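Subject: Structure handover

Hi,

Here is the structure I promised to pass on to you. Have a look at it first, and then read my notes underneath.

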Amino acid sequence: MRRRLASVIARASLPILTGLDPELAHDLGLAGLRWLQPLWPALQYPPALSVRCLGLEFAHPLGLAAGFDKNGDYLDALGAMGFSHVELGTVTPRPQPGNPKPRMFRIPEAGALINRMGFNNKGVEHLVAQVSRSRYRGIRGISIGKNFDTPLENAQDDYLICLRKVYALADYVAVNISSPNTAGLRELQSRDGLERVLGALLEERRVLQERHGKRVPLLVKVAPDLTPEQISALARDLRSLEIDGAIATNTTTDRSALANAPAAAEAGGLSGAPLHPLSIRVVSQLRSELGPDFPLIGVGGIVSKDHAGATLRAGANLVQIYTGFAYRGSALLEEIIHAL
């Protein structure tokens, strides 16, 4: 009864929130979820829904993508809604404001968003403090990045700082080298960039694993705009570096699916329904290149149960939502889990 009431309240608030500035609506929506948290009782899912991946046990395949709760401020409230995993961040060593506002734009007719947030966050120390106080018992992923003013050739230093800080609290760590909103970041997906950043992180993990007595999986979040040849090269690099998994995909800079939408001219990364075919393409090729046992998390354009099913059939072990959740709230989560 309480859960039904919470769902009704959450759904009733969506038309109000969608009439506000997108970033303001996001912040108010998260604050509202915290208020509703006591009405979301703990859920028990059938064992048949559970997924063993990355050496971890997920209650079901559906999680929340990075970017929704950058600072870990709302982990308990989001977790109470029923996600099997919540990926926090992307977090950087030092707090940073991100790009100038406005920096998030709705395209409702396409079920899409464009954002150029620029890794706005309160810094890794704040996130660690929040997560350490959390009572969420699901899988906690933490996405790490670099500060905007850290030179690209020193990027590995920022990723190492974040890894050391979050290691004890994370169930897995996502290395974000594919956001289009930090200048030059996607260059780190090249062989040299991957070896420099991931090589340093993997070496440091050996030290941290010994210190903390646990091995935290490292995943790479990749862009949807790679050519088939670039995806093949990336797959070879992931295999040779022995990285634990991949998250496919980040937002896209492609605007071809937007026709004449006014917001299409805005700079930034496109997410939502138009991203889904691109994400599916990357997931499918990575699965083909990396074989049946390589862990893949599919994210991008999942705005319905059909999109979630298609991403799983393409080869993803797990799926995450973001833009669909921003537009549809708990209704999308319930629809996907019911379909599963």
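Below is what I found, going from the overall fold down to single residues.

One thing to keep in mind throughout: this is a predicted model.

**The barrel**

Start with the sheet. Eight strands close into a barrel, and going round you meet them in the order S3-S4-S7-S8-S9-S10-S12-S13. The pairing is parallel. On average, neighbouring strands of this sheet are turned by 25° against each other, ignoring direction.

If you want one pair of strands to look at, try S7 (residues 139–144) and S8 (residues 172–176), which pair in the parallel sense over four bridges. Within that pair, glycine 141 stands opposite tyrosine 172 in S8. Helix H6 (residues 191–212) packs on the sheet, where it touches S8 and strand S9 (218–222). The direction of H6 makes about 160° with that of S9.

**The nonpolar cores**

Which residues have the most contacts inside the largest nonpolar core? They are Ile144, Tyr159, Leu201, Leu286 and Phe325, in a core of 98 residues. Helix H6 gives the most to this core, with seven residues. To see how one of these core residues sits, click on leucine 201: leaving aside residues up to four places away in sequence, leucine 201 touches Tyr159, Leu160, Leu163, Val175 and Leu218.

There is also a second, separate core of nine residues. Among its members are Phe105, Ala112, Ile114 and Ala264.

**The aromatic rings**

The count of aromatic pairs comes to three. In one of them, phenylalanine 68 and tyrosine 322 sit edge-to-face, 5.2 Å centre to centre and with 70° between the planes. This pair links distant parts of the chain, 254 residues apart. Phenylalanine 68 is in the loop between strand S3 (62–64) and helix H3 (75–80), while tyrosine 322 is in the loop between S13 and helix H10 (323–328). Are these two residues buried or exposed? Phenylalanine 68 is buried, because its relative accessible area is 8%, and tyrosine 322 counts as buried because its relative accessibility is 18%, with the cut-off for buried being under 20%.

Phenylalanine 68 also pairs with phenylalanine 325, this time in a tilted arrangement: 5.0 Å centre to centre, 50° between the planes. Again the pair links distant parts of the chain, with phenylalanine 325 in helix H10, 257 residues away from phenylalanine 68. Phenylalanine 325 is at 4% relative accessibility, so it counts as buried. Phenylalanine 325 is also one of the residues with the most contacts inside the largest core. Put together, Phe68, Phe83, Tyr322 and Phe325 form one aromatic cluster.

**A buried glutamine**

Next, go to glutamine 320 in strand S13 (residues 318–321). Glutamine 320 has a relative accessible area of 0%, so it is buried. Which side chains does the side chain of glutamine 320 meet in polar contacts? One is histidine 85, through a polar contact of 3.4 Å. Another is tyrosine 172, through a polar contact of 3.2 Å. You have already come across tyrosine 172 in S8, opposite glycine 141.

**Backbone details to check**

A few spots in the backbone caught my eye.

- The peptide bond from glycine 89 to threonine 90 is cis, with omega near 10°. Threonine 90 lies in strand S4 (residues 85–91).
- The peptide bond from alanine 248 to threonine 249 is cis as well, with omega near 15°. Threonine 249 is in the loop between strand S10 (245–248) and strand S11 (269–272).
- Phenylalanine 119 has a positive phi of about 55°, although it is not a glycine. You will find phenylalanine 119 in the loop between strand S6 (112–115) and helix H4 (124–133).
- Glutamate 242, which is not a glycine either, has a positive phi of about 60°. Glutamate 242 is in the loop between helix H7 (228–241) and S10.

How do the two residues with positive phi sit: buried or exposed? Phenylalanine 119 is buried because its relative accessible area is 5%, whereas glutamate 242 counts as exposed because its relative accessibility is 60%.

Happy browsing!

Note on methods. Residues are numbered from 1 along each chain as its sequence is written. This is a predicted model: local features need pLDDT of at least 70, side-chain atom pairs count only at pLDDT 80 or more; totals for chains, interfaces and linings use all residues. Side-chain values use heavy atoms; hydrogens and water are left out. Helices (H or I, at least four residues) and strands (E, at least two) are DSSP runs, numbered from the N terminus. Buried means under 20% relative accessible area, exposed over 50%, partly exposed in between (1.4 Å probe, protein chains only). A polar contact is a pair of N or O atoms within 3.5 Å; within protein, one must be able to donate a hydrogen and the other to accept it, and residues adjacent in sequence count only if both atoms are side-chain atoms. Rings of Phe, Tyr and Trp (its six-membered ring) pair if their centres lie within 6.5 Å; planes under 30 degrees apart count as stacked, over 60 as edge-to-face and the rest as tilted. Two strands pair if DSSP finds at least two bridges between them. Axes are lines fitted to C-alpha atoms, for helices over the stretch in contact, and angles run from 0 to 180 degrees between N-to-C directions. Contact means heavy atoms within 4.5 Å. A nonpolar core is a set of buried Ala, Val, Leu, Ile, Met, Phe, Trp, Tyr and Cys residues joined through side-chain atoms within 4.5 Å.
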